[in-house]
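The following paragraphs offer a guided reading of a single protein chain. They begin with its overall architecture and then turn to particular details.

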Amino acid sequence: MPTDYSLLRKFKNCKELQQKVDVYFNLREKEKRPFTLSGLALSLGVDRVTLLYYNKGEKVSLPADEKQCIVNTLNQAKSRCEEYAEDSLFIGKNPNGAAFALKNNYKGWKDKQEVEVTKPLLILK
């Protein structure tokens, strides 16, 4: 797990981070481009994997209210990207890319396969 919290040091405060996040989403909407975690991470100056670990704000020495605001801002932005990918499953021409992004970037999204055994297993000793 990355322990580099440089993202939280890139901005003077939560408001500045929120402004940067808003710029990302506004630009993507204007250009009619999808919201992606990779794009969000790039606009914030980190890689996608690092952004995935900014959920709880652990090991971050900031005042509690500022840390919570930053964590909330990042989680809200990531949720917006997730919603976009989920919507693409239903309205996209090829939902495979959206399904791949959901399974690899967000908790709770995975392929589940159930196997039913119809014959008893023979155990050899």
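Read from the N terminus, the elements of the chain follow the order α-α-α-α-α-α. The secondary structure thus comprises 6 helices and 0 strands. The model is a predicted one. The chain has 125 residues, of which 28% count as buried. Among the contacts that join residues at least 6 apart in sequence, 56% link residues at least 24 apart.

One pairing of helices may be examined in detail. Helix α3, formed by residues 37-44, and helix α5, formed by residues 64-91, have axes that come within 9 Å and cross at roughly 145°. On the side of α3, the contact is made by Leu37, Leu40 and Leu44, while α5 contributes Leu74, Ala77, Lys78 and Cys81. By character, the residues of this contact between α3 and α5 divide into 6 nonpolar, no polar and 1 charged.

A second point of interest is Arg28, which is located in helix α2, spanning residues 14-31. Arg28 is buried, yet it has no salt bridge. The nearest side chain of opposite charge belongs to Glu31 and is 5.6 Å away; a salt bridge is counted within 4 Å. What, then, lies 3.4 Å from a polar atom of the side chain of Arg28? The backbone oxygen of Pro34 is found at that distance. Pro34 also appears among the contacts of Arg28 when neighbours within four places in sequence are left aside: these contacts are Arg33, Pro34, Phe35, Thr36 and Gly39.

Methods
Residues are numbered from 1 along each chain as its sequence is written. This is a predicted model: local features need pLDDT of at least 70, side-chain atom pairs count only at pLDDT 80 or more; totals for chains, interfaces and linings use all residues. Side-chain values use heavy atoms; hydrogens and water are left out. Axes are lines fitted to C-alpha atoms, for helices over the stretch in contact, and angles run from 0 to 180 degrees between N-to-C directions. Helices (H or I, at least four residues) and strands (E, at least two) are DSSP runs, numbered from the N terminus. Contact means heavy atoms within 4.5 Å. Ala, Val, Leu, Ile, Met, Phe, Trp, Tyr, Cys and Pro count as nonpolar, Asp, Glu, Lys and Arg as charged, and the others, Gly among them, as polar. Buried means under 20% relative accessible area, exposed over 50%, partly exposed in between (1.4 Å probe, protein chains only). Lys and Arg count as positive and Asp and Glu as negative; His and the chain ends are not counted. A polar contact is a pair of N or O atoms within 3.5 Å; within protein, one must be able to donate a hydrogen and the other to accept it, and residues adjacent in sequence count only if both atoms are side-chain atoms.
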